[in-house]
Amino acid sequence: MSNRINRAIGICLAIAGAVLVSVAPARALDRTNLSSAVTATGFISPKCWLSQDVMTGTFPDVLNAGTTSTLTLDFKVFCNKSYVATVYSKNGALKYDGTVATGFGDTLPYKATLTLPGVSSSGCSPLSKNSGTDAKPKSNCTFKVTGGIASMTSGTIGLTVAAGTAALMAGNYTDTLTLQVTPDV
Amino acid sequence: MNKMRMIASAAVLALLSGSAMAVGPDGTTNVVWNLKADTGVFCVLNTASVDTSTSSGATFDSVGGTGGNINITLAGAGNTVGAWTADIKFGGATAGSNNSACNSANGYSVTAKSLNGGLKAATASADASYAAVVPYTVNLTLGTDVGTQKTSTELAGAGAVALSGTKAVVGQFEMKLVGAADTKKVLLPGAYADTLTLILTAKGI
């Protein structure tokens, strides 16, 4: 990764150098002292990249009131400076995908634990919805990350469904989970 | 000497990008997972709350979700068949309150089977004035669903569906067995016994 950055910086310098030479102002030629000082400034803007192995996650256990289940999601992150990582739920819980009969629970809240270098997370329980905007999300699972910068880092999100108390409808309970990373400006 | 300030972000992206993730102008990016949890199809009796207080002429021994013993005082006046009621309620009376449940949106059924078609005497007699088998009725309810009354005679052998519903239901499950008095039938010496089996089945989805 550092070689790539070095090559990038080299490209910046080369571009800057080429432009400088082409626009050098006209002046009387001093044949006794020929030198040219080139100053180039390259600016790498803050950027983050994320990748995930899978786009779906199914809790491995059949759930009903009184049972628990755990699911781990893997991802890789690269940010070229410190950043903020936010995990949030679309529904604030797993939600039944049909019509709930009277007396049955329609949601299953779950806890999320984000694991990244330098992140001390005891778990966000239950994981909340996005209380911010799409551009600047905010939830009860927002962390400043200063570790693992400028290197591809592996991370996980551990999800745990706790034993509920209400009877659950037979079928599927679903949700959409988002991990967003925003580099510091 | 002029300083040239170059924004080289485009060049950097070309060198470093691997995953095709959209990146916002501030360098923000995200990934999304679709989550799913499957819940099983089930019927369950809430055995933490068992109420037999409306019974008469019957006592209970170890009654729970897998069964138990009902001890019936069968003898009435003149050692004829006396009346009795065994009324067992599992779970609370209101939805969401410590209840029994069948959770399939397609409903459920409860089949009842009587081993002997009634309380059967241990001894036999050819005299019709003696009660060889004492019948009883079975009434089942789950929440707001009320079953059709069945007799132990109807429930002999393969049994019959005594209660069914067309949707998921949660509430109190009640099994009420009633033996009517019959002063024309004299009880034989020894025990009268039967085994009543209830099979609760949530329909698949």
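1. Start with B:Asn79, which is partly exposed, at a relative accessible area of 38%. This is a predicted model, and here the predictor has placed B:Asn79 in the loop between β6 and β7 (80–81) of chain B. Its backbone deserves a look: B:Asn79 is not a glycine, yet its phi is positive, near 60°. Most residues other than glycine have a negative phi.

2. Chain A has a residue to look at alongside that one. A:Ala150, again not a glycine, has a positive phi of about 60°. You'll find A:Ala150 in the loop between β9 and β10 (153–161) of chain A. Is A:Ala150 buried or exposed? Neither, really: its relative accessibility is 32%, so A:Ala150 counts as partly exposed.

3. While you're in chain A, check the peptide bond between A:Ser125 and A:Pro126. That bond is cis, with omega about -15°. A:Pro126 sits in the loop between β8 (110–115) and β9 (142–145) of chain A. As a reminder, most peptide bonds are trans.

4. On confidence, the complex gets an ipTM of 0.78 and a pTM of 0.71 from the predictor. Chain B has an average pLDDT of 85, and 86% of its residues score at least 70. The weak part is residues 1–20 of chain B, where the pLDDT is below 50. That stretch still makes 36 contacts in the model beyond near neighbours in sequence, but I wouldn't lean on them. Where pLDDT is low, the predicted coordinates should not be read in detail. Element by element in chain B, strand β1 (residues 4–7) has the lowest mean pLDDT, 28, while β16 (residues 150–151) has the highest, 98.

5. Now the overall make-up of chain B. DSSP assigns one helix and 22 strands to chain B. Of its 205 residues, 39% count as buried. Among contacts in chain B with a separation of 6 or more, 75% are between residues 24 or more positions apart. The chain exposes about 10000 Å², and carbon and sulfur atoms supply 53% of that area.

6. Strand β19 (residues 173–179) of chain B is a good place to get your bearings. Five of the seven residues of β19(B) are buried, so the strand is mostly covered. Which strands pair with β19(B)? One is β8 (residues 84–90) of chain B, which runs antiparallel to β19(B) and is joined to it by seven bridges. Another is β14 (residues 137–142) of chain B, also antiparallel, over six bridges. B:Phe173 of β19(B) turns up in both pairings: B:Phe90 stands opposite B:Phe173, and B:Phe173 is also the bridge partner of B:Leu142.

7. There is also an open sheet of three strands in chain B, with antiparallel pairing and the order β13-β11-β21. Its edge strands are β13 (133–134) and β21 (192–193), each pairing on one side only. Two bridges join β11 (residues 119–121) to β21(B). In one of the residue pairs, B:Lys120 has B:Ala193 of β21(B) as its bridge partner.

8. What is the volume of the largest pocket? About 730 Å³. Of the 34 residues lining the pocket, those closest to its centre are B:Gly68, B:Ile70, B:Met175, B:Leu177 and B:Leu196. Several strands of chain B each supply at least two lining residues, including β8, β19 and β21, along with β5 (58–64) and β22 (196–202). The largest share of the lining comes from β6(B), with six residues. So two strands from the points above, β19 and β21 of chain B, come back here as part of the lining.

9. Last, B:Phe42, in the loop between β2 (29–39) and β3 of chain B. With a relative accessibility of 16%, B:Phe42 falls under the 20% cut-off and therefore counts as buried. Which residues does B:Phe42 touch, leaving out those up to four places away in sequence? The contacts are with A:Asn64 and A:Leu168 in chain A, and with B:Ala101, B:Cys102, B:Asn103 and B:Ala202 in chain B. B:Ala58, by contrast, is 16 residues from B:Phe42 along the chain, and the two C-alpha atoms are separated by 30 Å.

Note on methods. Residues are numbered from 1 along each chain as its sequence is written. Chains are lettered from A and ligands numbered from 1 in the order in which they are written. This is a predicted model: local features need pLDDT of at least 70, side-chain atom pairs count only at pLDDT 80 or more; totals for chains, interfaces and linings use all residues. Side-chain values use heavy atoms; hydrogens and water are left out. Two strands pair if DSSP finds at least two bridges between them. Helices (H or I, at least four residues) and strands (E, at least two) are DSSP runs, numbered from the N terminus. Buried means under 20% relative accessible area, exposed over 50%, partly exposed in between (1.4 Å probe, protein chains only). Contact means heavy atoms within 4.5 Å. Accessible areas come from the Shrake-Rupley method with a 1.4 Å probe; for residues, only the protein chains shown count as cover. pLDDT is the predictor's confidence in each residue, from 0 to 100. On a 1 Å grid over the protein atoms alone, a cavity is a set of points where a 1.4 Å probe fits but cannot get out, and a pocket is an open set with protein on both sides within 12 Å along at least five of seven lines; lining residues have an atom within 4 Å of a point. Grid points are joined across faces, edges and corners, and a volume is the space filled by probe spheres set on the points.
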